[in-house]
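I am keeping notes on what I looked up in this structure, entry by entry. The entries follow the path I took through the model.

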Amino acid sequence: MEHSLITTAFTIDGYKIAKNLGVVRGITVRSRNMFATIGASLQTIVGGNITLFTELCEKTRIEAFEIMVKHAEEIGANAIIGMRYDANDVMSGVTEVLAYGTAVVLEKE
């Protein structure tokens, strides 16, 4: 699937929705490791971007995104519209990240 056909919008210029295949999602659950938490705590003393947590968040979102795309491709979609992320704490230090959207088949207009 072309990443240019994955959007937070509900339409893509130059295309029409030929078929709506429903909601697709990718979910991943991650925990912080003790060493990253200690390193991040030290970074908070200096201030600025806490790179250890930024990297963890980025990896987690990429993983959820890729799972969502795989699910969409498995059901025959060539695009995802209305794509969003959501995150929730499952327990202390453990976070669920969900990527979701509507799988569609697009045709050029």
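Entry 1, a surface methionine. I started at Met91, which I located in strand S2. The model is predicted, and the values in these notes are computed from it. I asked whether Met91 counts as buried or exposed. Its relative accessibility is 54%, so Met91 counts as exposed, the cut-off being over 50%.

Entry 2, the surroundings of Met91. I then looked for a nonpolar surface patch and found Met91 in one, together with Ile27, Val29 and Val90. The area of this patch is about 380 Å². I checked which strands supply the patch: S1 and S2 each give at least two residues.

Entry 3, the sheet. I looked up how the strands are arranged. They form an open sheet of 3 strands in the order S1-S3-S2, and the pairing is antiparallel. I asked why one side of S1 and one side of S2 lack a neighbour in the sheet. Strand S1 (15-31) and strand S2 (79-91) are at the edges and have a single partner strand each, so each has one side without a neighbour there. From one strand to the next, I read an average twist of 10°.

Entry 4, the helix on the sheet. I noted that helix H2, residues 51-74, packs on the sheet and touches S1, S2 and S3. Its direction makes about 140° with that of S1.

Entry 5, pairing of S2 with S3. I looked up how many bridges join S2 to strand S3, which covers residues 94-108. There are 10 bridges, and the two strands run antiparallel. I picked out two partners to fix the register. Asn88 stands opposite Glu96 in S3, and Ala79 has Val104 in S3 as its bridge partner. In the hairpin of S2 and S3, I found 2 residues between the strands. Gly93 in this hairpin has a positive phi near 80°.

Entry 6, a lysine in S1. I moved to Lys19, which lies in strand S1. With a relative accessibility of 48%, Lys19 counts as partly exposed. I listed its contacts, leaving aside neighbours within four places in sequence, and got Ala103, Val104 and Val105. Val104 is also the bridge partner of Ala79 in S3. I also read the C-alpha separation of Lys19 and Ala77, which is 8.6 Å, with their positions 58 residues apart along the chain.

Entry 7, salt bridges. How many salt bridges does a search of the whole structure find? I got 2. In one, Arg30 pairs with Glu63, and the closest N and O atoms are 2.4 Å apart. This pair links distant parts of the chain, with Arg30 in strand S1 and Glu63 in helix H2, 33 residues apart. I checked both for exposure. Arg30 is partly exposed, at a relative accessible area of 26%, and Glu63 is partly exposed too, at 29%.

Entry 8, the salt bridge within the helix. Lys70 forms a salt bridge with Glu74, where the closest N and O atoms are 3.9 Å apart. The cut-off for a salt bridge is 4 Å, so I count this pair. Lys70 and Glu74 are 4 residues apart in helix H2, which means about one helical turn separates them. I recorded Glu74 as exposed, with a relative accessible area of 55%.

Methods. Residues numbered from 1 in each chain as written. Predicted model: local features only at pLDDT ≥ 70, side-chain atom pairs only at ≥ 80, totals over all residues. Heavy atoms only, no water. Pairing = 2+ DSSP bridges. Axes fitted to C-alpha atoms, helices over the stretch in contact; angles between N-to-C directions. Contact = heavy atoms within 4.5 Å. Buried < 20%, exposed > 50% of the residue type's maximum accessible area, 1.4 Å probe, protein only. Salt bridge = Lys/Arg side-chain N within 4 Å of Asp/Glu carboxyl O. Patch = residues over 30% accessible without salt bridge, like charges linked within 9 Å, V, L, I, M, F, W, Y side chains within 5 Å. Areas by Shrake-Rupley, 256 points an atom, 1.4 Å probe, with all protein chains shown as cover.
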